[in-house]
Every structure is written in structure tokens, then in C-alpha cells.
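Student: I've got this one open on my screen and I'd like a close look at a single part of it, the sheet and what surrounds it. Could you walk me through that in one go?

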Amino acid sequence: MAGEPDGPEDTVRGMFGPDVTFLGVPRVSLDSLAGHDVVFVGAPYDAGTSHRPGARFGPQALRMTDYLPHDASRPHLALGVDPLAELRCADLGDVMMPPADTEGSIRRLESVVQAVASAGAIPVILGGDHTVTFPDATGVARHVGWGRVSLIHFDAHADTGDTQFGSLIGHGTPMRRLIESGAVRGD
């Protein structure tokens, strides 16, 4: 699953919707990640879920939900600090994650997250079902080192199942896979 992104075909502007960026931040490509502090990455994937698919539409919904202008400005009312102005933020678009290609989708997301982290930016994943936690955290671990990633997981259950419908990869298994791989410590 590791390695460099295959190329520009790894990301698309909007896999399941119009071409908009998160809050109107500038678009960035895999070739121009340097110098960014935060990069938003869409992970439109829900083939790992056992019920209620639809999370593949999450990245676009998050990008389009705000009722304010998409002007890349959101100052905090009390503090007057605008993180979108203080930090160099950009949106990479969606990782190409066809639902019929689980292994390829997971590999591409992991590679793109690793590329963003290796460029010195914090990857902020706008994503699908919990399956995407595995390649997200693994991509960061490939940059910072195995066992050096901390993860706070808020969910009704631990996502530590061994298999899901006979597959090692699914929305109920990512924490187990991360701990078994050593990407994230289990303690």
C-alpha cells in the first residue's frame, strides 16, 4: 500500500459533485504541496460500511455546507484570529476511490496522505466511512515514523474487529489494523 502517488489521476477535483474547495481555500495539486501548512483531502469512500452507505458524498457535503461566501476567510468572532489567513491552507480535491476497488482506493489514499505529510503540511481528511482511518493514519505514520502517531477515536464502538464480511479492511476494523501494523500504538 505504500509508495508515492501514481500521478495526477490519484486525485480529482470532485469525485461526486461540483468542483468547490473547502471554504473557498485555493486548489493545490500533488506537484505543488510545498509551503502549505494545511491541506484538505477528500476521501469519498463508503464501500467499507455495513449499513447506510452514502459517506462517499461526505467530502462534497462538507465543502458545500457553509452558508457564508466561499472566500477562504473565517475569523473567530471573539479572538479575531482567522486560521485560514494565518495558515497557508489549500484543498487537494478528492482522492480517486472507486467503491469496487477497495485495495486500490486504500493504497491511493494512503499515498496521497503520505505525500501531504511529507511536504510538511497537516492533512485534514474530509471523508467517508471509518475505513479511511486506516490509510489516513498509516500515511502519516509512513512520514513521522511507526508508533509515533497518536489517535483519538470517538465512536460508539472501538472499530477493533478482526474481519468484516470476511475482509480485513472495513469500517469496523481500522483501529485493529493500525495497532497490528504498528502505525499507531495500542496503549
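Tutor: Let's come in from the side, at Leu23, which sits in the loop between S1 and S2. Keep in mind that this is a predicted model. Leu23 isn't a glycine, yet its phi is positive, at about 55 degrees. Is Leu23 buried or exposed? Its relative accessibility is 14%, and the cut-off for buried is under 20%, so Leu23 counts as buried.

Stay in that loop for a moment, because Met15 belongs to the loop between S1 and S2 as well. Setting aside neighbours within four places in sequence, Met15 makes contact with Pro44, Asp94, Val95, Met96, Met97 and Pro98. Two of those names, Asp94 and Val95, fall within strand S3, which covers residues 89-95. For a sense of distance, pick Ala141: its C-alpha is 26 Å from that of Met15, and 126 residues separate the two in sequence.

Now the sheet itself. Its 4 strands make an open sheet, and across it the order is S1-S3-S2-S4, with mixed pairing. The strands at the edges are S1 (11-12) and S4 (122-127), each of which pairs on one side only. As a general reminder, the strands of a sheet pair through backbone hydrogen bonds, and they can do so parallel or antiparallel.

Walk across it one seam at a time. Start with S1 and S3: they pair in the antiparallel sense, over 2 bridges. If you want a spot to click on there, Val12 has Asp94 in S3 as its bridge partner. Asp94 is also one of the residues that Met15 touches, so you can keep the view where it is.

Next seam: S2 and S3 run in the parallel sense, and 5 bridges link them. Val38 stands opposite Cys89 of S3, and further along, Val41 faces Gly93 of S3. At the last seam, S2 (residues 38-43) is joined to S4 by 6 bridges, and these two strands run parallel. Here Val39 has Pro123 in S4 as its bridge partner.

So how well covered are the strands in the middle of that order? For S2, 6 of its 6 residues are buried. Remember that in a regular strand the side chains alternate between the two faces of the sheet. In S2, one side carries Val38, Phe40 and Gly42, the other carries Val39, Val41 and Ala43, and all of them are buried, so both faces are covered. S3 tells a similar story: 7 of its 7 residues are buried, so the strand is largely enclosed by the rest of the structure.

Cys89 leads us off the sheet. Apart from standing opposite Val38, Cys89 is touched by Pro83, which also touches Arg74, not counting residues up to four places away in sequence. Pro83 is part of helix H2. With 42% relative accessibility, Pro83 counts as partly exposed. Compare it with His143, 60 residues away in sequence: C-alpha to C-alpha, the two are 24 Å apart.

Just before that helix, the loop between helix H1 (58-64) and helix H2 (83-86) holds Ala72. Ala72 has a positive phi too, about 60 degrees, and again this is not a glycine.

Finally, zoom out to see where the sheet fits. The chain has 5 helices and 4 strands, and from the N terminus they come as β-β-α-α-β-α-β-α-α. The C-alpha trace spans about 45 × 35 × 35 Å along its principal axes. A compact globule of 187 residues would have a radius of gyration near 16 Å, and the chain has 16 Å, which agrees. Of those 187 residues, 42% count as buried. Taking contacts between residues at least 6 apart in sequence, 72% join residues at least 24 apart. On the outside, the chain exposes about 9,500 Å², with 57% of that supplied by carbon and sulfur atoms. As for charge, there are 14 positive and 24 negative side chains, and the centres of the two sets lie 2 Å apart.

Key
Residues numbered from 1 in each chain as written. Predicted model: local features only at pLDDT ≥ 70, side-chain atom pairs only at ≥ 80, totals over all residues. Heavy atoms only, no water. Rg over C-alpha atoms; globule rule 2.2 N^0.38 Å. Buried < 20%, exposed > 50% of the residue type's maximum accessible area, 1.4 Å probe, protein only. Contact = heavy atoms within 4.5 Å. Areas by Shrake-Rupley, 256 points an atom, 1.4 Å probe, with all protein chains shown as cover. Lys, Arg positive; Asp, Glu negative; His and termini not counted. Charge placed at Lys NZ, Arg CZ, Asp CG, Glu CD. Pairing = 2+ DSSP bridges.
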